[in-house]
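User: I'd like a close look at one part of this model, please: the salt bridges. Start with a single charged side chain and work outwards from there.

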Amino acid sequence: MKVTLIAALSMGAWCLMAGAPAMAQTTASREAKVEKRTAKKDKKGAEHAPAAAEDTSAAAEETELGRRLGQIPLLMQGKPDTRARVYFIYQSRSTCSICVSVEPMITRVYNTRFKGKGAELMMVNLDQSDDAARKWAKGAGMNFPICSAKNGAMVPFPFAFDGQPVTLPCMVALDAAGNKLGQASGPKVVPFMQSWHKLLAEDSPEAKLPALPLQLRDHEPVQPKGKINTEAKVYFLLMASPTDPELTRELAPALSKVYKSMKGKKAELVIVSSGFKADSATQWVKQDKIAFPVLHPRYTADLSANLFASAGGTEMALLVLDAEGNRLRERASSAEEILRQVKDWKKIVREVEANEKKTAGKGE
């Protein structure tokens with residue numbers, strides 16, 4: 001059969017070389033038409049292609065760091081992107097409560113912001129057994145490269161964290177040459193991942209987005225039309241639960257009225273859910289006709305842990321922050337004080353803008 005196949009291929013090649021001029025002309029004409037249609041289609045696609053398409057690393061050459069990572073034995077199938085421009089390497093384990101709480105968001109950022117866009121993530125799993133590591137990875141839907149602790153020595157992970165206290169998960173970012181770009185630990189690893197364009201100092205919309213909006217933009221609001229305003233100057237983040245009678249009875253309707261006056265302007269109000277199910281949150285939003293965004297409970301672990309620290313259970317807590325995450329008011333926990341601060345949104349915005357002008361004046 002092999003001899004017959006070779007003979008057939010040879011005969012085909014001879015026929016192509018010795019074919020009639022008319023056939024060659026017809027073939028050339030067809031190829032010209034195909035090239036013309038392809039060029040037209042490529043031009044049209046380029047005009048309508050999103051800017052993010054430029055982030056793909058498919059056409060880049062394999063980097064030295066990518067090559068080294070590609071040689072490391074993994075716990076799961078697949079290989080890391082050896083042509084990425086930035087690599088996030090982090091250590092984590094299934095017995096760490098913070099690691100488990102932020103894992104869904106880490107996977108979400110990887111799938112929406114990393115894959116095919118020039119960034120790669122690799123976990124060094126510190127569980128005592130490979131079986132425990134695989135069980136956690138499978139249950140959590142992790143689809144990025146994971147290696148075991150015994151192979152962790154092969155991973156270029158700079159352990160020097162500049163003297164800062166380190167908790168798991170701990171993460172570093174490296175450029176394609178292996179240079180350290182930054183570090184983060186605990187719940188801060190999620191916003192750290194989201195800001196990878198900033199680490200590369202690229203001129204992109206994401207690189208220009210302030211810290212807090214960048215952290216909020218990937219969170220999924222329960223309310224379908226509750227898009228978060230990422231251009232606001234003041235953010236009111238309220239950690240609360242719809243099971244709290246104080247919130248559902250009086251505060252939520254009052255906040256919705258205030259929100260109508262600030263919607264689309266320079267202030268934003270967002271509820272950061274605290275320990276309630278998505279179904280109950282959705283039902284609450286519809287029943288009480290909530291006008292402002294309520295973040296999906298599945299994606300708020302990093303926000304609640306990072307921003308609200310000790311606030312837990314059904315305790316209400318309001319933080320008033322600027323776009324960089326700086327606190328503008330004392331934390332409020334009573335319904336009266338929360339409503340008073342939110343009603344004061346115009347004054348707070350004016351204060352932020354006045355401070356911006358003052359800072360710009362000093363810079364000049």
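Analyst: **Salt bridges and their surroundings**

With a relative accessibility of 25%, Asp130 counts as partly exposed. That label is a matter of cut-offs: buried means under 20% relative accessible area, exposed means over 50%, and partly exposed is what falls in between, using a 1.4 Å probe and protein chains only. The areas themselves come from the Shrake-Rupley method with that 1.4 Å probe, and for residues only the protein chains shown count as cover.

Before going further, a word on the model. It is a predicted one, so to speak of a local feature takes pLDDT of at least 70 and a side-chain atom pair counts only at pLDDT 80 or more, while totals for chains, interfaces and linings use all residues. Residues are numbered from 1 along each chain as its sequence is written, and side-chain values use heavy atoms, with hydrogens and water left out.

Back to Asp130. Its side chain meets that of Lys150 in a salt bridge, 3.7 Å from N to O. Asp130 sits in helix 5 (residues 130–140) and Lys150 in the loop between strand 3 (146–147) and strand 4 (170–175), so this pair ties together parts that are 20 residues apart in sequence. For the vocabulary: a salt bridge here is a side-chain nitrogen of Lys or Arg within 4 Å of a carboxyl oxygen of Asp or Glu, and helices (H or I, at least four residues) and strands (E, at least two) are DSSP runs numbered from the N terminus. Lys150 is the exposed partner, at 65% relative accessibility.

The Lys150 loop holds a couple of other things to look at. Pro156 is in that loop between strand 3 and strand 4, and at 18% relative accessibility it counts as buried. Its C-alpha is 8.4 Å from that of Leu69, although the two are 87 residues apart in sequence. Pro169 is in the loop between strand 3 and strand 4 too, and a cis peptide bond joins it to Leu168, with omega at about -5°. As background, most peptide bonds are trans.

Helix 5 also has a bridge of its own. Arg134 and Asp131 pair up through their side chains, again at 3.7 Å from N to O. They both lie in helix 5, three residues apart, which is about one turn of the helix. Arg134 is partly exposed at 34% relative accessible area, while Asp131 is exposed at 60%.

In total the structure holds seven salt bridges. One of them spans a long stretch of chain: Lys233 pairs with Glu356, and their closest N and O atoms are 3.1 Å apart. Lys233 is in the loop between helix 9 (211–216) and strand 6, and Glu356 is in helix 14, so the pair ties together parts that are 123 residues apart in sequence. Both partners are partly exposed: Lys233 has a relative accessible area of 24%, and Glu356 comes in at 38%.

Now for the nonpolar side of things. The largest nonpolar core has 33 residues, and Phe236, Leu247 and Met262 have the most contacts inside it. Elements that each supply at least two residues of this core include strand 6 (234–240), which follows the Lys233 loop, and helix 14 (345–363), the one with Glu356. The largest share, seven residues, comes from helix 10. A nonpolar core here is a set of buried Ala, Val, Leu, Ile, Met, Phe, Trp, Tyr and Cys residues joined through side-chain atoms within 4.5 Å.

Finally, some charges without a bridge. Lys265, Lys346, Lys347 and Arg350 form a positive surface patch. Patch members have over 30% relative accessible area and no salt bridge, with like charges joined within 9 Å (for nonpolar side chains, Val, Leu, Ile, Met, Phe, Trp and Tyr, within 5 Å). Lys and Arg count as positive and Asp and Glu as negative, leaving out His and the chain ends; each charge is placed at NZ of Lys, CZ of Arg, CG of Asp or CD of Glu. Lys346 belongs to helix 14 and is partly exposed at 48% relative accessibility. Its C-alpha is 9.8 Å from that of Ser261, 85 residues away along the chain. Lys265 is in the loop between helix 10 (245–262) and strand 7 (267–273), and it is also partly exposed, at 48%.
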